[in-house]
Structure formats: C-alpha cells, structure tokens
Amino acid sequence: EKGVGEYRVNGDAVPYKAYEDALGAIGVLIKARNFLVFQGDVESIARKTPKQFVELFENISASAELKEEYEAALKGKEEAESATIFAYNKQKGYKSERKSLKEQKEEADRFLALLEKKASLKTEYFLWQLFHIHTDVTEREKAAEELKAELREIEQRDSDKKDALANAKKKSSEARRSTAKLEKKRVKLAAEVDGLEQPTIKSAQEIKSLTKKLHTDENALAKIHQEEESHGESLSKLEVEIEEYRQTETQLQEEYEEEKQRGAGELPTLTEEQEAEYERVREAAAVAGAKPRQELATMNRKLSSARASAGSLANELKEVQGRKEEAEGSLRELTERQKTLAESLDKTKTDLKTADTELRQIQKEAREAELKTRDIDTEIEKINTTLRQARDDRKKGKDEERLLQAVASLKRHFQGVQGRLVDLCRPTQKRFNLAVTVAAGKDMEAIVVDTKQTAKECITYLREQRVGTATFLPLDSLQTPNPASTERMRAIAEQDGRYRLASDVIACDDAFKRAVLYAVGNTVVCDDLDSARELCFPRRQRGDRGEEARIKAVTLGGAVISKAGTMTGGVTRDDARSANITRWDERELERLRERKEKLEADREELGRGTGGGRGRGDRGFDRVEELRSNVGNMRNREKYTKSDLDYTKSKIKEQSSLVTSTTKQIKKLERQLVAAEQSVEDTSARVEEAIEKVKEVEEEHYGPFREKTGLRDFRAYDEAVGKAREEFLKKRRKIREHLVKLASKRDYEIGRDFKVPIAKAEKRLENRKMKLEEAKKTEEELLEQVAEAKAKLADAEASLKQAAEDEKEHDEAARLAQIAFSEAQAEHLRVSKAINTEESALERLRGKLHETLQKARVEEVELPMAGESETAEEGTSQKDDEAEESSEEQEGFSQPLSQQSGLTTHFSQKDDARVVKDRKDANKVDFTNLRPELKSRSSDRAEKKIRQDFEDQISKLAADVEAMSPNMKASEAFDNINERLKESIADFDQAKANARKATAAY
C-alpha cells in the first residue's frame, strides 16, 4: 500500500545482497543483465565507448569482483613510483642547489678577494698621498724657517741703506738750492744782455738801412746827370721817328689808291672826299630806312608764324578726327563689357555672402576650440616644465638611490628611524630654501633616529648590507645650543627686520626640533651680504673681539660668514638642487600631475567635440579649408571684377568725354584753320608793301649821290673796294695814333728841367751821410756795454756750471743710494712673497693632510703604524680624536670637514692643536711597505697620472664590488646541502626497492 518492495528466496524474505547472490549462483547477473534483453539494450551497447565495453565484459566475466584488490595493488605501485620520482627529483634539486651554492661560494670568495685587494690598494693610495704630503710639509716648514731668518738679515740691511739714502738726499737738496740761487743770478745777467742786444741789433739794422738808402740816392743822382747829358740826343731821335711815320702814311695812301683802281675795274672810282661823302650817305640811308626795314622784318616774322600756325592747325585737326573715331569704337566695346561685369559681380556677391556666413560660423567654433586648446597647452607646458625641472633636480646617482631604498628598509626594520631631516622639515617660505640648505649643510641629508642605540643598529645593518654610509642624528644625545644663547641671538635678530634665526624659518614637528637646532644651531639668516657683514664684524672693526664676532650668518643668496670670520660665496649645483621646491613639496608635484592629467583629458574631449581639431585628414578641417579657399577665390574675383567694372566705367566716362571734347575741338580747329589761311594771305600782301616802302626811303638818299658820281651800283662797288678800304683805314688809324704819342713825348722832352731834381738829390744824399755817422757812433757805445754784460754773464755761467756738476754728483749719489734701497726693498718683498707662498703652500698641505687623514678614517682605511703597540694606541687615539672633533663640531656648530672654509684659519697656524695632531698622526704612519718608485719625487704630470691610475683601479674594483651581490653564508649552506644530498641518495635507493616490490605485487 505504501509502495514498499521486498526480496524473497524460496518464500523467505531476504536482503537485496542475498537475493543478488542467489541469482548469481544460477548464472543470472543483475549488473551484467545477462538474462534479459530489454528494449533499447542493443542500441545502448552499440553506443558504448571502449572503456564502457571493458567494464561490461568485466561484469559479465565476473572479473569486476577483483577490482578492489587490483586497484589497491595499482595504487601501491603508483605510490611507490611517485615516491621514487619524488626522491629522484629531491636528489636532483639538491644537486642543482649544491651547484648554485658552489657558484655563490666561489662568488663570495672572489668578493672577499676583491675587498681585500681594494683595501690594500686604498691603503697604498693613502700611504702614497700621506708620504708626499708629509714630506712636502716638512720641506716647506724648513724652507719657511730659512726664509724668515733671511728676512731678518734683509730688514737690518734695509735700515742701514735707508739712513744712507736720507743723508744722500739731504746733500742733494742743499746742492740743488745753491744751483737754483746761481741760476737766478745767471738769468738776471742774461736778461741784461738781452736788453742790450735789442738796441744793438736795431742800431745795426738802422746802419744797414741808411747805407742802402745812401747807395740808392747816389744811383738816382747819377741817373739824373746821365739823362741830362742824353737829353738832346733823345729829341733828335723823336724827330726822326715822327718823320718816318709820316712817310709811312703817305706810302699807305698811295698803295690804297692803286688797290682801289684794280678792284673797281669798269666801275667809276671815288676820290677820298667822295668816299667820305659815300660813307655819310650810306649812314643817312641806313638811319632813314631803319624803321621801314624793321616793319618789313616784323611782317616777315608774322608771315612765317601764320604759315606755321596754319600747318599746325591742319595737322592737329587730322589727329583729333582720328582720336574721335578711336574713342567711339572703344566706347561701344566698353559698354558691352560693363554689362557683362555687372551681371558677374551680382552673382559673385550672392555666392560670397552665403559662403562667408558659413565660414564665419565654422571659424568661430574652431577659434573658440583653438583658444581653449591653446590655454590648455600653455598650462600643460608650464606644468611639464615644472615637472621636468623637478625630475632634473631629483636625479640621483646609484649610491643615493640605494641609500633612499636603505632608508625605507631601515624604517621597516627599526621603529625608531624617523627619516631624513630634509623630509621631516621645510622652510616657512620659499625664499629661505637656499639659506636653510646652506646653513644645515650635509646634516640636511642626515637620518633622524630616536636613540643612539638605534643609530648603531642602523649602521650595523648598512655595513652588513653594504649599502653605503650615512649620517645619523640620535635625538636623545644631540647637543643643541644653549637656550640662553639662542634667546640672545633671537633678541639681536628681532631688532632688525633684515635678520632672523635659521631655526625660526624652518617648520617641523616639535619631536624633530632638536635635530633642526643641531643642524643649523644659532645661525642667522640675513637678507644680503652687506647686512651679514654688519652683523658679524661691527666690533671687530673697532678692535673688539667680543662675542658679537662669533656669529655665523647665511644670506638668502647662499653666502656664508662663519664664526671664524671666513666668507664663502657662490652656490654649488648640489645646493641649488637641494634648495629647489621639489625637495620639500612632493604634494605640490602630485597636485600638478593630477592637474596635467585632467587638462589632457579635457583637451582630448575638446578635440573629439570639435571633430579632431586641426587634423589634416579631418573632414571638418577640409570643409573649413574648402570654404576658406572658395571665399578667398570669390573675394579675389569680386575684387578684381569690381576693380575691372570701376575701371570700365571710368574708361567709358573718359571715352565719352573724349568723344564730346574731340567733337568740339574739331569744330573749333576748323574755324581756326580758316582764319589762319586768311591771315597768311593778308600778311603776304603787307610784306610786299613794306619792301616797296624800304626801296623808296633809300632811293631818296642814294639818288643825288648817284647823279653826282655816276656810280649806279653801290652794292657792286662795296664788294669790289670795301675790304681794301677797311684795311687801309685800320692801318692809317694805327699810324696816326702813334704819331700823336711821339709828338706828345717830343713836347715833354722839350719842356723838361734837370736843375731842380739834381739839387734835391744832392741835399738828400748829404742828410743820409750825417745820419749814418751818428748811427755808427751809437752802435759802438752799445757794443761796449754788451761786451761788459757778457763778461759778467760768463762768470755767472761758470759758477753755475760748477754748482750744477756738484748737484749732479750729489744726485747721482742719492740715485745710487735709492737704487740700493729699492733693491733691498725688492729683496725684502721677494723674501716676504716667498714666505707667504711657502705659508700658503703649507696651509694647503696641512689642510690636504687633515682631509686625507679624515678621509682615511671615514673610509676605514687601515694604515700601518710603527709597531703593534703603537697601532693599538693609535686606534685609541683616533677614536678619542674623532670623539673630540665631533664634540667640537657639535659645540661650535661648524660645517662638515669637506667644507674647508671654516678650517682655513687653523691650518695657517703651525701650533694649532689640529695641525699638531695631524703632524703626530702622520709621523706615526709606517711608510716602509710603500714601493720605492712611489716614494720618489715626480713631476705634476706624473703625479696626476699616478693619482689617476690609483683612482681608476679603485673605481674599477668598486664597480666590480658593486656589481656583485654575494651570499656571504653560501659556504655554510654548501656544507648543509652536501649532507642533505647524501640523505636524499639513501632515500632514493630505498624508494627504488619499494617500487620494485610494489610492481611485483601488481
């Protein structure tokens, strides 16, 4: 009723297992289904896979009953094989690990060998430096002492030569005064001589002049007597010459008459009186005919002008008519062109307006997008510049990167590590960046830790990891300035706005304030170097060496005035990089990067919104270019069409005006041509009348003379005789003019009187002789006075010469004394310079020695000492000295030793504690193991080469060491892996035996 079935065998209820066993006993296998063939069994068997067929056969054959035993044997076999494979792989892994550890062990051995070689090389390098520096210091000190002894001797000689120079100058001055007194006397006498010389010269010149005039008067008197004697002869010559010229005139008249007869030929000849009358008639006819001839010339000119005017008017009329026809043809062509251009212009304006509207709209959108893109690009470029500068400032070397990683690792391993001081503080204002960086110096890169124990653990960790070196500032043991001194310095700074304490311009947590005070101390930040000098040196300038002079000042520009009084200027690349904003403001850089990403996203979105901006292949850009090109073409077309239309209109107007004006001009020219032709006819008639009038006037004068002489053709007579008559008249005029001159001269000679000139000349000659005698007498008196004055002058000059010689001797003595004193001073200066040079060299060498020793301590270079006990004592001494130097630096808040500006004063003093200590340290170094060739003195070039070789070898070894990352525990691990490998071999043999047994059982 409830749907529950049961199994029965022989009427007894049995469980399913017993029922299945009973059926199996008679060969009916339920699982194999070998006693019935159900519907679909054939198809089901046909679809079975090979594995399913095997299972079916096993069930039918009853071998399936052995499955559990078979699977157990198979599992045991597989597990044995897996164990064997595992043991083999384990053995193989140990072998591989042993090989790797063997390589690491060999690398560690090589690393240790390189370290040992590097240490040995650095030891030799520092020994070489210290040997030569110490030797140079010893030699320089000895040379300086010798020069100082020589300087004392030279100073004694200088004093003696200075006294000799003063004595020589005194004698020279006395001789100079005596010479000056004699020179005044000589000048006075010379002035007297000069005063007498002038009258003497004047008297001599007067005598010379009188003598010359006397000779002139004598010559003039002799000439007058000579003229008197030759007066009669001159008159005779004049009379003869006058007669000769009169005969020449008569002969010229005869020659003219003969020439006139030959020239006239058949024409009647005129006598001299008739020729004179002919001249008068011709002149009268010319005068009477002048007006009619003038009128005739005027008429001829008018006639020529009228004819030229008529010809010009005819040519002009023809030309104007041609222009009118040409203008009418051009007017027709221009009218048709105007119509065509007007239609084209209207169409171009319509198209241009449409294209221009579309272009302006697109350009407006593009311009707005371009402005936004440009603003974004400008801002991105500024951000990129800032980030690029920040990246440049943040570029670090490999060692610094490793140090930064080491700082991060230290923070993870040691809770007391706070970080670098530069990361824990920052200036309150950007303008204090450089000043704070310079004031703190290398302490700004130091790592701040909570305790000294943490610092030691960190140093141990850095040494084990071979990361490098670092400076640690344990907050529990840092020595900071006395609060009272800090408050005193703050009070001084608050009195003047140009000063402020460096610790007051640095912002940091109170927990790190102690580290900041240790780094900058009581350093004062000043606006400029002048204010820093006023703060540091006011009392020193008055000779006071009070506490005011012990102030360390730093300017905003990076200049430093140390407590020792030294001044350091300029900024190194590291300082400039350290003072950069990126050193402190990482958050600002992060904000700039986010802003840049947002701007780039906005620019990309803006580019997509405007169709890609200005891309060449963009269709929007192509459309803009197409519209711009079309608008440009249409505007050019409009411009040229409009210009052409305006030109056409102006040409039409011009041609119309030309047609109108030529029409009027033609009518006017026709009227003028008619009037000009009429004027030519009238003027020709008046010319004929004028010619007749001239003939009538001339005939009135020539007619009576023609009747009287019978000469009809006056023109022919003038042509035949006129030239000969002109020559005759010209020659006769010259002869008559000369006769007039000769007659005048003859009349002058006849009336001439010689007695009065002779008397005047004789009287003048006598006066000249009397004046000459007086001048000679005066000259003799003056010469006597001059001779006396010159004698006195000669005596004065002799005395002056002697005095000048004495003065010269004294001057020479003074000069020699001056030369000797100058030579002594030069020698003194030379030795002083040599001493200064030696002391400067000593100062540099002492500083170099100190720096080399300090560098050897910092780099932990093991220097051989003179004996083991001395070495132990040296080690203790070095530790004590280092502690003492550290204490001095903390108390004085000086800069690190690499900055030598604050230590220069100490090195210039031989007895300074630091110099003495360095000398003792150098004396304790054992140089016996230094190679002989390195001990020998070398040139600068050879020394540079040796130094470069050392540095190259050390750098190469350091690079090799840096390139290696050895496992220093590889040797121990190699021994362990060998033991494990032996165990794995035994395990592998046991696994193989078990596998063989499992296989046999299977």
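**Exercise 1. State how much surface the protein exposes and what share carbon and sulfur atoms supply.**

Solution. The protein exposes about 65200 Å². Carbon and sulfur atoms supply 50% of that area. Areas follow the Shrake-Rupley method with a 1.4 Å probe. The model is predicted: local features need pLDDT of at least 70, side-chain atom pairs count only at pLDDT 80 or more, and totals for chains, interfaces and linings use all residues. Residues are numbered from 1 along each chain as its sequence is written, and side-chain values use heavy atoms, leaving out hydrogens and water.

**Exercise 2. Find the residues that touch the most other members of the largest nonpolar core.**

Solution. A nonpolar core joins buried Ala, Val, Leu, Ile, Met, Phe, Trp, Tyr and Cys residues through side-chain atoms within 4.5 Å. Buried means under 20% relative accessible area (1.4 Å probe, protein chains only). This core has 32 residues; Trp128, Leu863 and Phe950 touch the most other members. α4 (67–229), α19 (755–858) and α24 (940–963) each give two or more residues. α4 gives the most, with 13. Helices here are DSSP runs of H or I, at least four residues, and strands are E runs of at least two.

**Exercise 3. Work out the strand order of the open sheet and place helix α11.**

Solution. The order is β3-β5-β6, with mixed pairing. Paired strands share at least two DSSP bridges. β3 (417–420) and β6 (472–474) are the edges. Three bridges join β3 to β5 (447–449), and these two run antiparallel. Valine 417 has valine 449 as its bridge partner in β5. Helix α11 (452–465) lies across β3, β5 and β6, at about 160° to β6. Angles run from 0 to 180 degrees between N-to-C directions, with axes fitted to C-alpha atoms, for helices over the stretch in contact (heavy atoms within 4.5 Å).

Technical notes:
Buried means under 20% relative accessible area, exposed over 50%, partly exposed in between (1.4 Å probe, protein chains only).
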